[in-house]
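New to this one? Here is a quick tour of the fold, written to be read with the picture open beside you.

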Amino acid sequence: MRAVRRSRCPIVLAFFSAVTLSSCNASRPGPKLLEADGVTYTACGGALWIADVKEPKDDEPPTYEVIYKDAHGSKHQITRVRTLKITDLPDDTPACSNPK
């Protein structure tokens with residue numbers, strides 16, 4: 001008998017919709033400083049981070065997947081991030097306004 005594989009997409013979408021609607025202190029969409037496992041990145045736009053969904057039986061610590069755009073508009077993806085800290089940066093952050 002084949003196991004039925006359920007799609008996680010509806011669950012993830014429902015979760016993020018609920019978080020967005022219930023968030024009182026929502027973060028603003030501007031530039032962000034991302035600290036992922038001790039490495040610092042500057043996200044100039046399009047920053048998105050989601051917790052990897054694990055089965056309840058998994059005893060490993062949760063990890064994150066981070067997707068962001070740099071000053072040049074290039075998309076980056078970081079997976080299996082164990083520690084994540086996100087800080088809002090001012091809109092006139094030099095790293096985002098003057099790409100090298």
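What follows goes from the overall layout to the two sheets, the core and the links between side chains.

## The overall layout

First, a word on where this comes from: the model is predicted. The protein has 100 residues, and 17% of them are buried. Its secondary structure adds up to two helices and six strands. If you walk along the sequence, the pattern reads α-β-β-β-β-β-β-α, so a helix comes at the start and another at the end, with the strands in between.

How much of the contact network reaches far along the chain? Take the contacts between residues at least 6 apart in sequence: 50% of them join residues at least 24 apart.

## One sheet: strands 2, 1 and 6

Let's start with the open sheet of three strands whose order is 2-1-6, where the pairing is antiparallel. Strand 2 and strand 6 are the edge strands, and each of them pairs on one side only. From one strand to the next, the twist averages 20 degrees.

Strand 1 and strand 6 are joined by five bridges and pair in the antiparallel sense. To find your way around this pairing, look for L33, which stands opposite T87 in strand 6.

## The other sheet: strands 3, 4 and 5

There is also an open sheet of three strands in the order 3-4-5, again with antiparallel pairing. Strand 3 and strand 5 each have a single partner strand, so one side of each is left without a neighbour in the sheet. Ignoring direction, neighbouring strands here are turned by 10 degrees against each other on average.

Strand 3 and strand 4 run antiparallel, with five bridges joining them. One handy landmark is L48, whose bridge partner in strand 4 is I67.

## The nonpolar core

Which residues make up the largest nonpolar core? There are seven of them: L34, A36, A43, V66, Y68, I78 and V81. Strand 1, strand 4 (64-69) and strand 5 (75-81) each supply at least two residues of this core.

V66 is a good place to zoom in. Setting aside its neighbours within four places in sequence, V66 is in contact with L34, L48, W49, H76, Q77, I78, V81 and L84. L34, I78 and V81 also belong to the core described above.

## The salt bridge

The structure holds one salt bridge. K32 is paired with D88, and the closest N and O atoms are 2.6 Å apart. This pair links distant parts of the chain, with K32 in strand 1 (residues 32-36) and D88 in strand 6 (residues 84-88), 56 residues apart.

Are the two partners buried or exposed? K32 has a relative accessible area of 3%, so it counts as buried. D88 comes out at 35% relative accessibility, so it is partly exposed.

## The disulfide

A search of the whole structure turns up one disulfide. It joins C44 to C96, with an S to S distance of 2.0 Å. Here too the pair links distant parts of the chain: C44 sits in the loop between strand 2 (39-43) and strand 3 (45-51), C96 is in helix 2 (residues 94-97), and the two are 52 residues apart.

The angle about the S-S bond is -85 degrees, and the link of C44 and C96 is left-handed. At 18% relative accessible area C96 is buried, while C44, at 23% relative accessibility, is partly exposed. The cut-off for buried is under 20%, which is why these two cysteines get separate labels.

Key:
Residues numbered from 1 in each chain as written. Predicted model: local features only at pLDDT ≥ 70, side-chain atom pairs only at ≥ 80, totals over all residues. Heavy atoms only, no water. Salt bridge = Lys/Arg side-chain N within 4 Å of Asp/Glu carboxyl O. Helix = DSSP H or I, 4+ residues; strand = E, 2+ residues; numbered from the N terminus. Buried < 20%, exposed > 50% of the residue type's maximum accessible area, 1.4 Å probe, protein only. Disulfide = S-S within 2.5 Å. Pairing = 2+ DSSP bridges. Axes fitted to C-alpha atoms, helices over the stretch in contact; angles between N-to-C directions. Core = buried A, V, L, I, M, F, W, Y, C linked by side-chain atoms within 4.5 Å. Contact = heavy atoms within 4.5 Å.
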